[in-house]
Amino acid sequence: MLLLPPRTPRALYCSTMADMITEIKSAKAIPVVLTPFPVMDLWSNYIGKQLSADVEALSKTLGFPIVNTRRVLEKYPVHTIFLNDGIHLTTFAHSLVAAELAQTISKTEQLWQ
């Protein structure tokens with residue numbers, strides 16, 4: 001397997017995410033961030049897990065809600081989550097993420113009222 005570094009260096013990903021979150025919050029909006037989605041490729045998943053951990057850390061530091069898509073989807077068999085290409089999610093998987101996103105938004109709205 002050819003292990004290429006991610007196209008966006010991890011430090012740049014983190015600083016860009018932090019800048020975007022800060023800008024959104026300065027506009028008095030509430031960002032809700034989804035972590036990178038899992039895929040069937042081991043190397044991409046390895047990078048995605050690191051970036052998901054970075055998003056979680058930023059969430060704690062900067063105070064914004066997230067949906068960890070990996071945690072939502074890891075409970076289910078792979079064949080129910082991915083289409084045959086191993087990258088795109090099934091309708092079922094999208095519905096799981098959407099439900100978690102709706103719940104996160106609902107909780108966030110309750111905190112702001």
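**Reading rings and cores**

Tutor: Let's start with Tyr-46, which counts as partly exposed because its relative accessibility is 44%. Keep in mind that this is a predicted model.

Student: Which helix holds Tyr-46 and Trp-43, and how many residues apart are they?

Tutor: Both belong to helix H2, where three residues, about one turn of the helix, separate them. Trp-43 has a relative accessibility of 24%, so Trp-43 is partly exposed too.

Student: How is a pair of aromatic rings described?

Tutor: In general, you look at the distance of the centres and the angle of the planes. Searching the whole structure here turns up two aromatic pairs. In one of them, Trp-43 and Tyr-46 have ring centres 5.2 Å apart and planes at 25 degrees, so this pair is stacked. The cut-off behind that reading is that planes under 30 degrees apart count as stacked.

Student: And is the pair of Tyr-76 and Phe-92 stacked or edge-to-face?

Tutor: Tyr-76 and Phe-92 are edge-to-face, with 85 degrees between the planes and 5.3 Å centre to centre. Tyr-76 sits in the loop between helix H3 (69–73) and helix H4 (78–81), while Phe-92 is in helix H5 (residues 91–112), so the pair ties together parts that are 16 residues apart in sequence.

Student: What relative accessibility do these two have?

Tutor: Tyr-76 comes out at 33%, so Tyr-76 counts as partly exposed. Phe-92, with a relative accessible area of 37%, is partly exposed as well.

Student: Let's turn to the interior. Which residues make up the largest nonpolar core?

Tutor: That core has 12 residues in all, including Tyr-13, Cys-14, Met-17, Leu-51, Val-55 and Phe-64. Helix H1 (10–26) and H2 are the elements that give two or more residues to this core. H1 provides the largest share, five residues.

Student: What does Cys-14 contact, leaving aside its neighbours within four places in sequence?

Tutor: Cys-14 is in contact with Asp-54 and Leu-58. Apart from the largest core there is another one, of nine residues, among them Val-72, Ile-81, Leu-96 and Val-97.

Student: One last residue: is Ser-52 buried or exposed?

Tutor: Ser-52 is buried, because its relative accessibility is 3%, and buried means under 20%. Ser-52 lies in helix H2, which spans residues 42–62.

Student: Which residues does Ser-52 touch, not counting those up to four places away in sequence?

Tutor: Ser-52 touches Thr-35, Pro-36 and Arg-70.

Technical notes
Residues are numbered from 1 along each chain as its sequence is written. This is a predicted model: local features need pLDDT of at least 70, side-chain atom pairs count only at pLDDT 80 or more; totals for chains, interfaces and linings use all residues. Side-chain values use heavy atoms; hydrogens and water are left out. Helices (H or I, at least four residues) and strands (E, at least two) are DSSP runs, numbered from the N terminus. Buried means under 20% relative accessible area, exposed over 50%, partly exposed in between (1.4 Å probe, protein chains only). Contact means heavy atoms within 4.5 Å. A nonpolar core is a set of buried Ala, Val, Leu, Ile, Met, Phe, Trp, Tyr and Cys residues joined through side-chain atoms within 4.5 Å. Rings of Phe, Tyr and Trp (its six-membered ring) pair if their centres lie within 6.5 Å; planes under 30 degrees apart count as stacked, over 60 as edge-to-face and the rest as tilted.
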